[in-house]
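Student: Could you take me through one part of this model in detail? I would like a close look at the place where the two chains meet.

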Amino acid sequence: MSSLDALDSRIPPSTRRIQTITILGGCGKNGVPEQLRRVDLKMGDIVSVVGPTGCGKTTLINDIELYANGTTPTGRTVLINGEPHPEDYLADPSSNPIALISQHTNFLSDLPVHVFLETHARIRGVASPARAIEETVSFANQLTGEPIILENAMTELSGGQTRSLLIADAIVIGNSPIILLDEIENAGIHRTRALELLKGYEKIFIFVTHDPRIALLSDFRIVMRDGAMQKLIVTKEEEKGVAQEIRKLDDLLLGLRQRIRSGDELDSSYLNEKLHELGYVA
Amino acid sequence: MKLAVCAGPPTCGKTTVLRQVTKRLLAKQKRLAFLKIDVQYADEDEIFQKEFSIPTRKVYSGELCPDHCNVMVLGDALRWAEQTAADILLVETAGLCLRCSPYVEGLLGVVVLEATSGMNLPRKIGPMLSLADVAVVTKIDLVSQAEREVFRARIQEAAPGTAIVESNALYGIGVDPLVRRVEQAAEVIPPLFLRGNPPIGTCTICVGKKEIGWQSHFGVVRALENQNFYRGE
Ligand SMILES: Nc1nc2c(ncn2[C@@H]2O[C@H](COP(=O)(O)OP(=O)(O)OP(=O)(O)O)[C@@H](O)[C@H]2O)c(=O)[nH]1
Ligand SMILES: Nc1ncnc2c1ncn2[C@@H]1O[C@H](COP(=O)(O)OP(=O)(O)O)[C@@H](O)[C@H]1O
Ligand SMILES: [Mg+2]
Ligand SMILES: [Mg+2]
Ligand SMILES: [Zn+2]
Ligand SMILES: [Zn+2]
């Protein structure tokens, strides 16, 4: 962890000063103006985007990643530190403060993993690429069951390996101060481990999620419907209390899943014992 | 009048990009004409005519490679577009002959590449990319951000002087910089020359003589053991 933290010092000066992102509302799917007209996120905020499938969550974070300026189909505008983005953010990846981990679970790239990462490290302006690549792969391998091998072709990676590598790449090689993650809970990765690792970084995190554990970890959440940002819910103390219980239940389920995976049986005495440990049954 | 020549491999998104560009230019009161050059089938002329009610033409290159065909017909096409009182002629051409490029010296040349096409494409398509002013990368919605950035780097390696525009062309996301380039492009002033080296003549293979072996051909030919040489008068 500490060696990963040390990499933060190489955030390029142009992006080190990121203080806020602002989303100015546009229109939902039916062309009606969004209810939420403005959302401000500041450095260190953890935000979730929630809502049913097809309601526009991915579209919202794509708008952020593209620094929408009123010309995307939603008509939204995204401001960085209160201003429209400098043109070079998109033209020069080394100055782009946003990393997006999309729902894509396969690479089309016909390169070996190390060539891909070397190229990405070079264009993201990484000072010591060899070390960053090693860190990226070891970060990724903490999230996936099957280790990634540098000589593998990118196209050979499994869905889980791909998502793990993309998350690690965004954090270590991208080293971006703003990280957008699209439904990492469906990624076939160690989600709890991913959250633990991510918590070690001071960044703006935006999670698109259906997962109560991730949603309640956030400072607030944006509720979407019909393509529009509808309301904003701040995570109150009461919800944080609920989050504690959710974490226990979630760990219980993860434990059960692990037993199934390793070929064990789930008898009622095992379940009772676990529920007892949690204080749910006497 | 201005000319923009747009080339790229089959189904890379040329038409989709040009439709977005057309929509935006028409909204700015520009008058457009559209020409499609393809080998044996194309319906873009009807698409543009129907969707935008602008003058359109198409030509099939048949036995010629589309780039050679482009060289032959472009003069006539410019005169035709001028007669329709167009401000801008947009040309969509299939890039099949990877030795030539269809762009005109001093006028706008645009190549379209799809982000899904594999990292080696920029190395394979030669002057179609390296002599273009702008490379439009389409289908960015289908790849991860990291992959998109590495693809951009591969283009820059192959064509250091070419500007890159990334787009989800289905929704016109990201095409505005291309629209600006078209608006600011240079005016057509004859005489016009093909950019870079002209295609190596109209070779006998291009005109349909398919017999294998250079002994069957005349003009600039090539044997396995040596470089090009001239055979004939
Ligand atoms: N997802 C996605 N699809 C795209 C994009 N651009 C084009 N397409 C699709 O790709 C297919 C081919 O697009 P065209 O614009 O017809 O490609 P073209 O280069 O004109 O093809 P030819 O003229 O036939 O060589 C169509 O189904 C388009 O809808 C894009 O940015 N994203
Ligand atoms: N504000 C909007 N205006 C128009 N279309 C939208 C808007 N938001 C989303 N869409 C469209 O709705 C569809 C589903 O959106 P998507 O972002 O993929 O949903 P989710 O990620 O929540 O499942 C997409 O085709 C998208 O283009
Ligand atoms: Mg989605
Ligand atoms: Mg076409
Ligand atoms: Zn040719
Ligand atoms: Zn030829």
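Tutor: Happy to! One definition helps before we start: a salt bridge here is a side-chain nitrogen of Lys or Arg within 4 Å of a carboxyl oxygen of Asp or Glu. Please keep in mind that this is a predicted model. With that cut-off in hand, look at Glu149(B) and Arg124(A): they form a salt bridge, and their closest N and O atoms are 2.8 Å apart. Between chain B and chain A the count is 3 salt bridges. Polar contacts add to the picture, with 12 residue pairs, both at pLDDT 80 or more, linking chain B and chain A in this way.

Which elements of chain B give two or more residues to the side that touches chain A? They are helix H6 (145–158) and helix H7 (176–183) of chain B. H6(B) gives the most to that side, with 10 residues. Sorted by class, the side of chain B that touches chain A holds 10 charged, 9 nonpolar and 5 polar residues.

Now for the extent of the contact. Chain A brings 30 residues to it and chain B brings 24. The size of an interface is often given as the accessible area lost when the parts come together. For chain B and chain A, about 2,100 Å² is buried between them, with 55% of it on carbon and sulfur atoms. Of the area that chain B buries against chain A, 26% comes from Gln145(B), Glu147(B) and Glu149(B), more than from any other three residues. So we come back to Glu149(B), the salt-bridge partner of Arg124(A).

Notes: Residues numbered from 1 in each chain as written. Chains lettered and ligands numbered in written order. Predicted model: local features only at pLDDT ≥ 70, side-chain atom pairs only at ≥ 80, totals over all residues. Heavy atoms only, no water. Contact = heavy atoms within 4.5 Å. Buried area = accessible area lost by both parts, 1.4 Å probe. Polar contact = N/O pair within 3.5 Å; in protein donor to acceptor, adjacent residues only side chain to side chain. Helix = DSSP H or I, 4+ residues; strand = E, 2+ residues; numbered from the N terminus. Nonpolar A, V, L, I, M, F, W, Y, C, P; charged D, E, K, R; others polar.
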